[in-house]
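The following exchange takes up a few labels attached to a structure and asks what each of them rests on.

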Amino acid sequence: MINVTKPFLPPQEEYLKYVEGIWHRNWLTNNGPLVNEFELKLKEYLKVPHMLYLNNGTIALQIAIKALDLKGEVITTPFSYVATTSSIVWEGCKPVFVDIDPRSLNLDPKKIERAITEKTTAIIATHVYGNPCDIDAIQQIATKHNLKVIYDGAHCFGSMYKGKSVFAYGDVCTTSFHATKLFHTIEGGAVFTNDPELLKRMSFMRNFGHHGHDEFAEVGINAKNSEFHAAMGLANFKYIPDLLRSRKEQSLRYDYWMQTINVPKQTINKDAQFNYAYYPLILKSTELTHKVIRELEGNWIYPRRYFYPSLNTVAIYKGNTLPVSESIANHVICLPLYHSLSVEEIDFICRIILRACNY
Ligand SMILES: *Cc1c(COP(=O)(O)O)cnc(C)c1O
C-alpha cells in the first residue's frame with residue numbers, strides 16, 4: 001500500500017536518547033528544557049526572531065486571531081485545509097472567501113480589494129502546498145486598508161521568500177508540525193511574528209493567560225506542547241536537509257513523467273525557494289480525476305484530494321460561488337510524496353496515471 005504520505009521516523013535510539021533525559025528530570029510538559037531547546041534550534045535554523053512552539057497548527061491560527069484582536073470580517077482563501085476557515089469562525093469572525101489564482105493556487109491579490117468592507121479587519125491566506133503567496137501585493141493592500149495579515153504556513157517548512165524563511169512574513173505566520181507534514185513533532189504547531197509585544201501576548205495565551213502563578217495577563221487557553229513532542233522534533237531536526245532533498249528529487253521524477261501528459265503545473269512564486277512539500281496533479285476534468293483515483297486505488301495507491309471540497313461550498317461556512325477554486329478543487333489530487341518513496345514506486349504510480357489518461 002502506498003499512501004499520500006508516510007510520517008518520517010528517526011532511528012528509535014536517537015529518539016530514546018532524548019526520552020531518557022525526560023526520565024532523569026521528571027519534567028514532562030509546561031515549557032520544559034526540550035521545548036526550549038527545540039524553539040532555540042528552529043529559530044536559529046530558520047533565522048527568525050521569534051517563535052512559540054504550540055500543540056498544533058489549528059490552535060496556532062486561533063491564538064493568532066485572538067492576539068490580533070480580530071473582529072468582523074476576515075478575507076480568506078477557499079482553497080485550504082478546513083482549519084484555516086474553522087479557526088476564523090471559532091474565534092467569532094466571519095470568513096469572506098476570495099477566489100484563488102489558477103496558476104499559483106494561492107489567494108488572488110487582484111480580487112481582494114473588491115471584497116473589503118468597513119467590517120474587514122484582516123486577510124488570512126495559505127501558502128498552498130508550500131508555494132509562497134504574492135506577499136508584497138497582499139501587504140500593500142493590507143497597509144492601504146489598515147488590515148492585519150496572518151499566513152497559514154502549515155505547508156511551507158523550508159520554503160523561502162526573497163531570501164528569508166516564509167515564516168518571517170505577515171503580522172503572524174503559523175505552521176503545523178503534524179505527523180503528515182514535511183517536518184513533524186507528531187502533533188505540534190507554531191506561531192511566528194516579528195513583533196515582540198505580540199509575541200508576549202501569544203505566549204501568555206499559550207499558558208492559560210498566566211503571568212506568574214497568581215496573576216493573569218490575558219484570556220488564555222492551553223496551547224502548550226510536551227517534552228515528548230519536542231523530543232521528536234529534536235530527533236528529526238538533523239534530517240531536515242534529507243527530507244527536503246528527497247522531496248525535490250521525487251518531484252523531479254514525477255515531472256519527468258507528467259510532462260508527457262502535458263498537465264498544467266502550479267506556478268511557483270518567482271521570488272521563492274520552494275520546499276517541494278506536495279506534488280499536486282491538476283487533471284483536465286472531474287471525470288478524469290475520478291478515473292485516475294479509481295485506477296490508483298485499484299493498485300493500493302492512495303492519493304488525497306487536497307483540497308476538496310472548496311471551502312466556500314461547505315454549507316456551514318456559507319460562501320458565495322468562486323469558479324477558480326471550485327474547479328481546481330474538483331480536478332486536483334496530491335500524489336504520494338514522502339522520504340522513503342522509491343523511484344520504482346514513482347514510476348509505477350506514473351504508469352498507472354498515464355494509462356488512465358490514455359497515453
Ligand atoms: C495541517 C494543516 C492545518 C492544521 O494543522 P494541525 O497541526 O493538524 O492542527 C492547518 N492548515 C493547513 C493548510 C494544513 O495543511
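Q: How many aromatic pairs does a search of the whole structure find?

A: In this predicted model, the search of the whole structure gives 23 aromatic pairs.

Q: Why is the aromatic pair of Trp23 and Phe228 called edge-to-face?

A: The ring centres of Trp23 and Phe228 are 6.1 Å apart and their planes make an angle of 90°; since a pair requires centres within 6.5 Å and edge-to-face requires planes over 60 degrees apart, both conditions are met and the label follows.

Q: What makes this pair a tie between parts that are apart in sequence?

A: Trp23 belongs to helix H1 (residues 12-25) whereas Phe228 belongs to helix H7 (residues 227-237), so the pair ties together parts that lie 205 residues apart in sequence.

Q: How do you know whether Trp23 and Phe228 are buried or exposed?

A: Trp23 has a relative accessible area of 64%, and because exposed means over 50%, Trp23 counts as exposed. Phe228, with a relative accessible area of 27%, falls between the cut-offs of 20% and 50% and is therefore partly exposed.

Q: Why is the aromatic pair of Tyr45 and Phe237 called edge-to-face, and which helices hold the two residues?

A: The planes of Tyr45 and Phe237 are 75° apart, with 5.7 Å from centre to centre, and because the angle is over 60 degrees and the distance within 6.5 Å, the pair is edge-to-face. Tyr45 lies in helix H2 (residues 33-46) and Phe237 in helix H7, so this pair ties together parts 192 residues apart in sequence.

Q: What makes Phe237 buried or exposed?

A: The relative accessible area of Phe237 is 16%, and because buried means under 20%, Phe237 is classed as buried. For Tyr45 the value is 33%, which makes this residue partly exposed. Tyr45 and Phe237 also belong to one aromatic cluster, among whose members are Phe38, Tyr53 and Phe192.

Q: How do you know that the charged end of Lys17 sits over the ring of Tyr18?

A: The charged end of Lys17 is 5.5 Å from the centre of the Tyr18 ring, which satisfies the limit of 6 Å, while the other condition is a position within 35 degrees of the ring normal. Lys164, in turn, lies over the face of Tyr169, at 5.4 Å from the ring centre.

Q: What describes the packing of H1 and H7?

A: H1 and H7 pack at an angle of about 145°, their axes being 9 Å apart, and their crossing is right-handed. Among the residues that meet are Trp23 of H1 and Phe228 of H7.

How values were computed
Residues numbered from 1 in each chain as written. Predicted model: local features only at pLDDT ≥ 70, side-chain atom pairs only at ≥ 80, totals over all residues. Heavy atoms only, no water. Phe/Tyr/Trp six-rings, centres within 6.5 Å; stacked < 30°, edge-to-face > 60°. Helix = DSSP H or I, 4+ residues; strand = E, 2+ residues; numbered from the N terminus. Buried < 20%, exposed > 50% of the residue type's maximum accessible area, 1.4 Å probe, protein only. Axes fitted to C-alpha atoms, helices over the stretch in contact; angles between N-to-C directions. Left-handed = near helix turned anticlockwise from the far one by under 90°. Contact = heavy atoms within 4.5 Å.
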